[in-house]
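The exercises below are to be worked with the sequence and the coordinates side by side. Each task is followed by a solution that proceeds step by step.

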Amino acid sequence: MEAEAGGEPPTSTKVDATTKKSKAPVANAGVENLGPAFDPFAPVDDTPAVEKTVGSKHDKIHIRLQQRNGRKTLTTVQGIPKKFDHSKILKAMKKEFACNGTVVKPDEAGGEDDSPAPTGVKPNMGDVLQLQGDQRMSVKQFLVDAGIVSAKEAKDQIVV
């Protein structure tokens, strides 16, 4: 800003009543932590770095309750790592909870109508353990006690 002929120092500013100030926020104020911009029409292999850092569905154990007819329910457990024997885990759970159960393999679930697997089971998610009744909290505690999931990781890895 140049000094005017009146002799004012260049550091002072005058408020001009004819200029309007915009109340819109500055475009880059406070958005540094949002990550790269996401283009929904970008090719599939070009995913943003934010989505790559978020954990995938494959490292979580999902425990769900599936309603049958009337008051009957099924508890389904999906995502137990393949290094564990699912049939032995199911046998121990059946004995512990005094209920019946079965292991549903993804290749057995052919048709949607006669499939015993819960709705929306994808073949790449592994075997599904089914137990009779509402056993959600018992299964979660069993997985921690058996050492399949540590107590610290149980909060993050088990989805009920």
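**Exercise 1. Determine the hand with which H2 passes H3, and describe the contact between these helices.**

Solution. Step one is the hand: H2 passes H3 in a right-handed crossing, where right-handed means that the near helix is turned clockwise from the far one by less than a right angle, and left-handed that it is turned anticlockwise. This is a predicted model, in which local features need pLDDT of at least 70 and side-chain atom pairs count only at pLDDT 80 or more, while totals for chains, interfaces and linings use all residues. Residues are numbered from 1 along each chain as its sequence is written, and side-chain values use heavy atoms, with hydrogens and water left out.

Step two is the geometry: the axes of H2 (residues 86-97) and H3 (residues 136-145) come within 11 Å and cross at roughly 125°. The axes are lines fitted to C-alpha atoms, for helices over the stretch in contact, and the angles run from 0 to 180 degrees between N-to-C directions. H2 and H3 are therefore oblique to each other, since angles under 35 degrees count as roughly parallel, over 145 as roughly antiparallel, 65 to 115 as roughly perpendicular and the rest as oblique.

Step three is the list of residues: Ile-89, Ala-92, Met-93, Glu-96 and Phe-97 in H2 meet Ser-138, Val-139, Phe-142 and Leu-143 in H3, a contact being heavy atoms within 4.5 Å. By class, this contact has seven nonpolar, one polar and one charged residues, with Ala, Val, Leu, Ile, Met, Phe, Trp, Tyr, Cys and Pro counted as nonpolar, Asp, Glu, Lys and Arg as charged, and the others, Gly among them, as polar.

**Exercise 2. Place Gln-135 and Ile-148 in the chain, and decide whether each is buried or exposed.**

Solution. Gln-135 is found in the loop between strand S4 (128-132) and H3, helices (H or I, at least four residues) and strands (E, at least two) being DSSP runs numbered from the N terminus. With a relative accessible area of 12%, Gln-135 is buried, a class that takes in values under 20%, whereas exposed means over 50% and partly exposed lies in between (1.4 Å probe, protein chains only). Once its neighbours within four places in sequence are set aside, Gln-135 is in contact with Thr-75, Phe-97 and Cys-99.

Ile-148 is found in the loop between H3 and helix H4 (151-157), and at a relative accessible area of 14% it is buried. Not counting residues up to four places away in sequence, Ile-148 touches Phe-84, Ile-89 and Leu-143; of these, Ile-89 and Leu-143 also take part in the contact between H2 and H3. Ile-148 and Pro-81 are 67 residues apart in sequence, yet 8.6 Å apart in space, C-alpha to C-alpha.

**Exercise 3. Describe where Lys-60 and Arg-68 lie, and which residues they contact.**

Solution. Lys-60 lies in the loop between helix H1 (49-53) and strand S1 (61-67), and at 28% relative accessibility it counts as partly exposed. Leaving aside neighbours within four places in sequence, its contacts are Gln-78, Gly-79, Asp-156, Gln-157 and Val-159. The C-alpha atoms of Lys-60 and Ala-154, 94 residues apart along the chain, are separated by 9.4 Å.

Arg-68 lies in the loop between S1 and strand S2 (73-78), and its 42% relative accessibility makes it partly exposed. With neighbours within four places in sequence left aside, Arg-68 is in contact with Thr-73 and Leu-74.

**Exercise 4. State what sets the backbone of Ala-98 apart.**

Solution. Most residues other than glycine have a negative phi. Ala-98, although it is not a glycine, has a positive phi of about 55°. Ala-98 is found in the loop between H2 and strand S3 (101-104) and, at 72% relative accessibility, counts as exposed.

**Exercise 5. Summarise the chain, and say where the model calls for caution.**

Solution. The secondary structure comes to four helices and five strands, which follow the pattern α-β-β-α-β-β-α-α-β along the sequence. Buried residues make up 24% of the 160 residues. The mean pLDDT of the chain is 75, and 57% of its residues reach 70 or more, pLDDT being the predictor's confidence in each residue, from 0 to 100. Over residues 46-57 the pLDDT is below 50, and beyond near neighbours in sequence this stretch has ten contacts in the model. Where pLDDT is low, the predicted coordinates should not be read in detail.
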